[in-house]
Amino acid sequence: MRKTKPKKRVLMPDPMFNDTLVTQFVNNLMLDGKKSIAYTIFYDALDKIKDKAEKEGKSALEIWKKALENITPSVEVKSRRVGGATFQVPTEIRPERKVSYSMKNLILFARKRGGKAMSEKLAAEILAAYNMEGGAFKKKEDMHRMAEANRAFAHFRF
């Protein structure tokens, strides 16, 4: 490539848990630059999860991280044109993209959920992902199924 790779931006850790992963999640959750509102939504969602977490002897943050881990895909399919045909080629996903993809799916399916407040919807989706169910988990399973079905085209990797 002619240009140099852009430098990765360093994220500041969040004020409550001192975790950069939380900051990245809040940045994805944020709409129209309203970061304080996004933090409020996230922390409220974790407060709603807290009683479930105490029953299992874990913190709400651990449940959120486990939920993210449960919906993180490891393979995806990319379209590759060979001759006149287009093949869906299964490829491994870079670690940063995996995390980003899982966060965005969790937020997307939380927004689609029925409920009053966004914090309630997010809490429900986090618990669903933790229990290996819900829309975000189904999306991951569909991705893996698609990659498995197109495994024959893996030799077209680019």
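## Pocket, helix packing and selected residues

Helix 1 (20-29) and helix 4 (95-112) each contribute at least two residues to the lining of the largest pocket. The model is predicted.

**The largest pocket**

The volume of the largest pocket is about 480 Å³. Which helix gives the largest share of the lining? Helix 4 does, with four residues. The full lining consists of Lys8, Arg9, Leu11, Gln24, Asn27, Asn28, Arg94, Glu96, Arg97, Ser100 and Lys104. Sorted by class, six of the lining residues are charged, four are polar and one is nonpolar. Rolling a probe the size of a water molecule over the atoms shows where empty space is left.

**The chain as a whole**

The chain holds six helices and two strands. What order do the elements follow from the N terminus? They run α-α-α-β-β-α-α-α. The C-alpha atoms fill a box of roughly 55 × 40 × 30 Å, taken along the principal axes. The chain has 158 residues, and 36% of them are buried. Consider the contacts between residues at least 6 apart in sequence. Of these, 60% join residues at least 24 apart.

**Helix 2 against helix 3**

Two packed helices are described by the angle between their axes and the distance between the axes. Helix 2 covers residues 35-56, and helix 3 covers residues 60-70. Their axes come within 8 Å and cross at roughly 100°. That angle falls between 65 and 115 degrees, so helix 2 is roughly perpendicular to helix 3.

Which residues meet here? From helix 2 come Phe42, Leu46, Ile49, Lys50, Lys52 and Ala53. From helix 3 come Ala60, Leu61, Ile63 and Trp64. The residues of this contact divide into eight nonpolar and two charged, with no polar ones.

Leu46 gives a closer view of this contact. It is found in helix 2. Leu46 has 2% relative accessibility, so it counts as buried. Setting aside neighbours within four places in sequence, Leu46 is in contact with Phe17, Ala60, Leu61 and Trp64. Ala60, Leu61 and Trp64 are among the helix 3 residues that meet helix 2. The C-alpha atoms of Leu46 and Asn28 are separated by 16 Å, and the two residues are 18 apart along the chain. Asn28 is one of the residues lining the largest pocket.

**Other contacts of helices 2 and 3**

Leu127 lies in helix 5 (residues 118-130). What does Leu127 touch, not counting residues up to four places away in sequence? It touches Ile49 and Lys52. Both of these are among the helix 2 residues that meet helix 3. Leu127 is partly exposed because its relative accessibility is 22%. Leu127 and Leu21 are 106 residues apart in sequence, and their C-alpha atoms are 18 Å apart in space.

Asn70 lies in helix 3. Is Asn70 buried or exposed? It is buried, because its relative accessible area is 5%. Leaving aside neighbours within four places in sequence, its contacts are Ala129, Tyr130, Met132, Phe137 and Lys140.

**Around helix 1**

Most residues other than glycine have a negative phi, and most peptide bonds are trans. Two residues here have a positive phi instead. Asn18 is found in the segment before helix 1, and its phi is near 60°. Asp32 sits in the loop between helix 1 and helix 2, and its phi is near 55°.

Ser36 belongs to helix 2. Ser36 and Val26 are ten residues apart along the chain, with their C-alpha atoms separated by 9.2 Å.

How accessible are these three residues? The cut-off for exposed is over 50% relative accessible area.

| Residue | Relative accessibility | State |
|---|---|---|
| Asn18 | 59% | exposed |
| Asp32 | 77% | exposed |
| Ser36 | 55% | exposed |

**In brief**

Helix 4 supplies four residues of the lining of the largest pocket. Helix 2 and helix 3 cross at roughly 100°. Leu46 in helix 2 is buried at 2% relative accessibility. Leu127 in helix 5 touches Ile49 and Lys52.

How values were computed: Residues are numbered from 1 along each chain as its sequence is written. This is a predicted model: local features need pLDDT of at least 70, side-chain atom pairs count only at pLDDT 80 or more; totals for chains, interfaces and linings use all residues. Side-chain values use heavy atoms; hydrogens and water are left out. On a 1 Å grid over the protein atoms alone, a cavity is a set of points where a 1.4 Å probe fits but cannot get out, and a pocket is an open set with protein on both sides within 12 Å along at least five of seven lines; lining residues have an atom within 4 Å of a point. Grid points are joined across faces, edges and corners, and a volume is the space filled by probe spheres set on the points. Ala, Val, Leu, Ile, Met, Phe, Trp, Tyr, Cys and Pro count as nonpolar, Asp, Glu, Lys and Arg as charged, and the others, Gly among them, as polar. Axes are lines fitted to C-alpha atoms, for helices over the stretch in contact, and angles run from 0 to 180 degrees between N-to-C directions. Angles under 35 degrees count as roughly parallel, over 145 as roughly antiparallel, 65 to 115 as roughly perpendicular and the rest as oblique. Contact means heavy atoms within 4.5 Å. Buried means under 20% relative accessible area, exposed over 50%, partly exposed in between (1.4 Å probe, protein chains only).
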